Amino acid sequence: MKITFLGTGTSTGVPEIGCQCNVCTSDDRRDWRMRTSVLVETESKQILLDCGPDFRWQMIRNKIYNLDAVLISHEHYDHVGGLDDLRPFCATKGIDIYAEDYVAKAIETRIPYAFRPHKYPGIPNLELHHVTTEPFMVAGVRVIPIRVMHACLSIFGYRIGKMAYLTDLKTLPEEEYSKLEDLDVLIIDALREKSHPSHESVGEALANIERIRPKNAWLIHMSHRIGLHADVERELPPNVHLSYDGLTLTC
Ligand SMILES: [Zn+2]
Ligand SMILES: [Zn+2]
Ligand SMILES: [Zn+2]
């Protein structure tokens, strides 16, 4: 399985509009972060995790020519803002979108023209599937939903094989830890050093990583306030890394 980090930034992206801090003006391209999204590729299938407002450029930049399905973590704009841009991937057949009930409803409200009974040519042909806490199959691949608390908002992370993607995480319900055993790759939210009401800080992410004990963990959803990539990476434990846009892994 191949994993590509298409975007690793928080909801504003980095650089943040109007900011001239040392991260937003850095020459190190690892400091430039599009909104968070990850591509999982098996031998024959390509599954997208979240579809934010940078989706179009993420497809072009990474030369991605096919998608089989999209898993959505929650309805915040930075995770669904690119859904209309799925059009080139569903010109001939619908594309399967997986989201829980309230997120599916939010998507239908956001782009109602895609779900009207009489569709006009050229609209995105999205097939919405409702996810529950039960594992399900996507394009022949088994997916385990992981309940994640984004402050008081219940959202989903997803486990596929030995990889888990937990974005926009503040806390994990106790019963979810058993679904995260024996991971090779844990992709987990770490917004910045300082505490935040709805995202883990780097310290909170490290505590969760220590408890989950994956072989390797990769931090995502970073704000410019986390500091320079090179400085932060140096301070992390050997099996924990700051991800960056364009990074690929196999697991
Ligand atoms: Zn987010
Ligand atoms: Zn900045
Ligand atoms: Zn969010």
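**Zinc sites and charged residues in the predicted model**

D78 lies in helix α2, which spans residues 77-80. The structure described here is a predicted model. Although D78 is buried, it takes part in no salt bridge. The nearest side chain of opposite charge belongs to R35, at 7.2 Å, a separation that is not within the 4 Å required for a salt bridge. A polar contact of 3.1 Å instead joins the side chain of D78 to the side chain of H79. With neighbours within four places in sequence set aside, the contacts of D78 comprise T10, S11, R35, T36, G52, P53, D168 and H221.

D78 is also a metal ligand. The zinc ion (ligand 1) is coordinated by D78 through OD, H79 through NE2, D168 through OD and H221 through NE2, at 2.1 to 2.3 Å. The four donor atoms subtend angles of 91 to 158° at the zinc ion (ligand 1), and the arrangement is therefore irregular. Along the chain, the donor residues of this ion follow the spacing D-H-x88-D-x52-H. Distant parts of the chain are linked at the site, with H79 in helix α2 and H221 in the loop between β12 (216-220) and α5 (229-235), 142 residues apart. Both H79 and H221 are buried.

A further metal ion adjoins this site. The zinc ion (ligand 1) and the zinc ion (ligand 3) lie 3.6 Å apart and are bridged by D168. The zinc ion (ligand 3) is held by H74 (NE2), H76 (ND1), H150 (NE2) and D168 (OD), at 2.2 to 2.4 Å. The angles among its four donor atoms run from 88 to 173°, and the site of the zinc ion (ligand 3) is classed as irregular. In sequence, the donor residues are spaced H-x1-H-x73-H-x17-D. H74 is located in the loop between β4 (69-71) and α2, whereas H150 belongs to strand β8 (residues 141-150), so the pair ties together parts of the chain that are 76 residues apart in sequence. H74 is buried, its relative accessible area being 0%. H150 likewise counts as buried, at 5% relative accessibility.

The zinc ion (ligand 2) has a donor set made up of C19 (SG), C21 (SG), C24 (SG) and H224 (ND1), at 2.1 to 2.3 Å. Because its four donor atoms subtend angles of 105 to 115°, the arrangement around the zinc ion (ligand 2) is tetrahedral. The assignment rests on the requirement that all angles lie between 85 and 135 degrees. The spacing of the donors along the chain is C-x1-C-x2-C-x199-H. Two of the cysteine donors were examined for accessibility: C19 is partly exposed, at 22% relative accessibility, and C21 is partly exposed as well, at 23%.

Charged side chains were considered next. Ten salt bridges are present in the structure. One of them pairs D28 with R30, with an N to O distance of 2.9 Å. D28 is partly exposed at 24% relative accessibility, and R30 is partly exposed with a relative accessible area of 31%. In another salt bridge, the closest N and O atoms of D84 and R87 are 2.7 Å apart. R87 has a relative accessible area of 36% and is partly exposed. The side chains of K179 and E176 also meet in a salt bridge, at 3.0 Å from N to O. Within this pair, K179 is partly exposed, at 26% relative accessibility, whereas E176 is buried, at 4%. E176 is thus a buried acidic residue with a salt bridge, while D78 is buried without one.

The last residue considered is P214, which occupies the loop between α4 (202-212) and β12. P214 counts as buried, with 6% relative accessibility. Apart from residues up to four places away in sequence, P214 touches L183, L186, I209 and N239. P214 and S11 are separated by 203 residues in sequence and by 26 Å in space, C-alpha to C-alpha. S11 itself is among the residues in contact with D78.

Terms used. Residues are numbered from 1 along each chain as its sequence is written. Chains are lettered from A and ligands numbered from 1 in the order in which they are written. This is a predicted model: local features need pLDDT of at least 70, side-chain atom pairs count only at pLDDT 80 or more; totals for chains, interfaces and linings use all residues. Side-chain values use heavy atoms; hydrogens and water are left out. Helices (H or I, at least four residues) and strands (E, at least two) are DSSP runs, numbered from the N terminus. Buried means under 20% relative accessible area, exposed over 50%, partly exposed in between (1.4 Å probe, protein chains only). Lys and Arg count as positive and Asp and Glu as negative; His and the chain ends are not counted. A polar contact is a pair of N or O atoms within 3.5 Å; within protein, one must be able to donate a hydrogen and the other to accept it, and residues adjacent in sequence count only if both atoms are side-chain atoms. Contact means heavy atoms within 4.5 Å. Donors are N, O and S atoms within 2.8 Å of the metal (3.2 Å for Na, K and Ca); water is not among the atoms, so sites may look incomplete. Four donors count as tetrahedral if all angles lie between 85 and 135 degrees; four count as square planar and six as octahedral if opposite donors are over 155 degrees apart and all others between 65 and 115; anything else is irregular.
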